[in-house]
Amino acid sequence: MPSNELHALCKGTPTPATLAEILTREAKLAEEVDKDGRTALTYLCRNNNVTLEMIKVYLEHAPGAAEVVDEDGDTALYYLCGNNKVTLEMIKLYLEHAPG
């Protein structure tokens with residue numbers, strides 16, 4: 001499956017407001033996967049420009065995206081933890097908003 005508008009946005013430098021707008025308008029995009037089985041949340045978590053507010057907005061709109069496993073067997077949390085720009089506060093927020 002090809003990437004969608006949200007995938008492209010999350011690979012760049014989205015603003016929390018833009019994320020909220022797209023997730024409100026087209027909620028189904030949040031859990032769509034690309035050819036590698038990755039959601040836009042995965043790309044957001046890999047992005048060196050990710051902020052606490054971006055993670056919060058995404059997971060408030062689409063908490064289920066946190067449980068999607070890609071073709072490598074990883075969730076977005078794996079990529080968030082591997083991102084050297086991420087703070088412990090971001091990881092805590094992710095865990096608080098993720099289901100289960």
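Q: In this predicted model, how close do the axes of helix α2 and helix α4 come, and at what angle do they cross?

A: The axes of helix α2, residues 16-25, and helix α4, residues 52-61, come within 9 Å and cross at roughly 10°. Since angles under 35 degrees count as roughly parallel, α2 is therefore roughly parallel to α4.

Q: Which residues make the contact between these two helices?

A: A general idea helps in reading such a list: an α-helix has 3.6 residues a turn, so residues three or four places apart point the same way. In this case α2 contributes Pro16, Leu19, Ala20, Leu23 and Thr24, while α4 contributes Glu53, Met54, Val57, Tyr58 and His61. Sorted by class, the contact of α2 with α4 has seven nonpolar, two polar and one charged residues.

Q: How does α4 pack with α6, in angle and in distance between the axes?

A: The axes of α4 and α6 are 10 Å apart, and the two helices pack at an angle of about 5°, which means that α4 is roughly parallel to α6. On the α4 side the contact is made by Leu52, Ile55, Lys56, Leu59 and Glu60, and on the α6 side by Glu89, Met90, Leu93, Tyr94 and His97. By class, the contact of α4 with α6 has six nonpolar, one polar and three charged residues.

Q: Which residues of α4 are buried, and against which helices do they pack?

A: The general idea is to read burial from relative accessible area, with under 20% counting as buried. In α4 the buried residues are Met54, Ile55, Val57, Tyr58 and Leu59, and the buried residues of this helix pack against α1 (5-11), α2, α3 (40-46), α5 (76-81) and α6 (88-97).

Q: If I take Tyr58 as a single case, where is it found, and with which residues is it in contact beyond its neighbours within four places in sequence?

A: Tyr58 is found in helix α4, and because its relative accessible area is 0%, Tyr58 is buried. Leaving aside its neighbours within four places in sequence, Tyr58 is in contact with Leu6, Cys10, Leu19, Leu23, Ala30, Ala40, Leu41, Leu44 and Ala65. For one of these residues, Ala40, which lies 18 residues from Tyr58 along the chain, the C-alpha atoms of the pair are separated by 9.4 Å.

Q: How many aromatic pairs are there, and what is the geometry between the rings?

A: The count comes to one aromatic pair, formed by Tyr78 and Tyr79, whose rings lie 5.1 Å apart centre to centre with 90° between the planes, an edge-to-face arrangement. Of its two members, Tyr79 counts as buried because its relative accessibility is 12%. A ring can also lie beneath a charge, and here the charged end of Lys11 sits over the ring of Tyr43, 4.5 Å from its centre.

Q: In the loop between α5 and α6, are Asn84 and Thr87 buried or exposed?

A: Here the cut-offs are over 50% for exposed, with partly exposed between that and the limit for buried. Asn84, which lies in the loop between α5 and α6, is exposed because its relative accessible area is 67%, whereas Thr87, found in the loop between α5 and α6, counts as partly exposed because its relative accessibility is 37%.

Q: What distances separate Thr87 from Thr51, and Asn84 from Glu5?

A: Thr87 and Thr51 are 36 residues apart in sequence, and their C-alpha atoms are 9.0 Å apart in space. Asn84 and Glu5 are 79 residues apart along the chain, and their C-alpha atoms are separated by 26 Å.

Conventions
Residues numbered from 1 in each chain as written. Predicted model: local features only at pLDDT ≥ 70, side-chain atom pairs only at ≥ 80, totals over all residues. Heavy atoms only, no water. Axes fitted to C-alpha atoms, helices over the stretch in contact; angles between N-to-C directions. Parallel < 35°, antiparallel > 145°, perpendicular 65-115°, else oblique. Contact = heavy atoms within 4.5 Å. Nonpolar A, V, L, I, M, F, W, Y, C, P; charged D, E, K, R; others polar. Phe/Tyr/Trp six-rings, centres within 6.5 Å; stacked < 30°, edge-to-face > 60°. Buried < 20%, exposed > 50% of the residue type's maximum accessible area, 1.4 Å probe, protein only. Lys NZ or Arg CZ within 6 Å of the ring centre and 35° of its normal.
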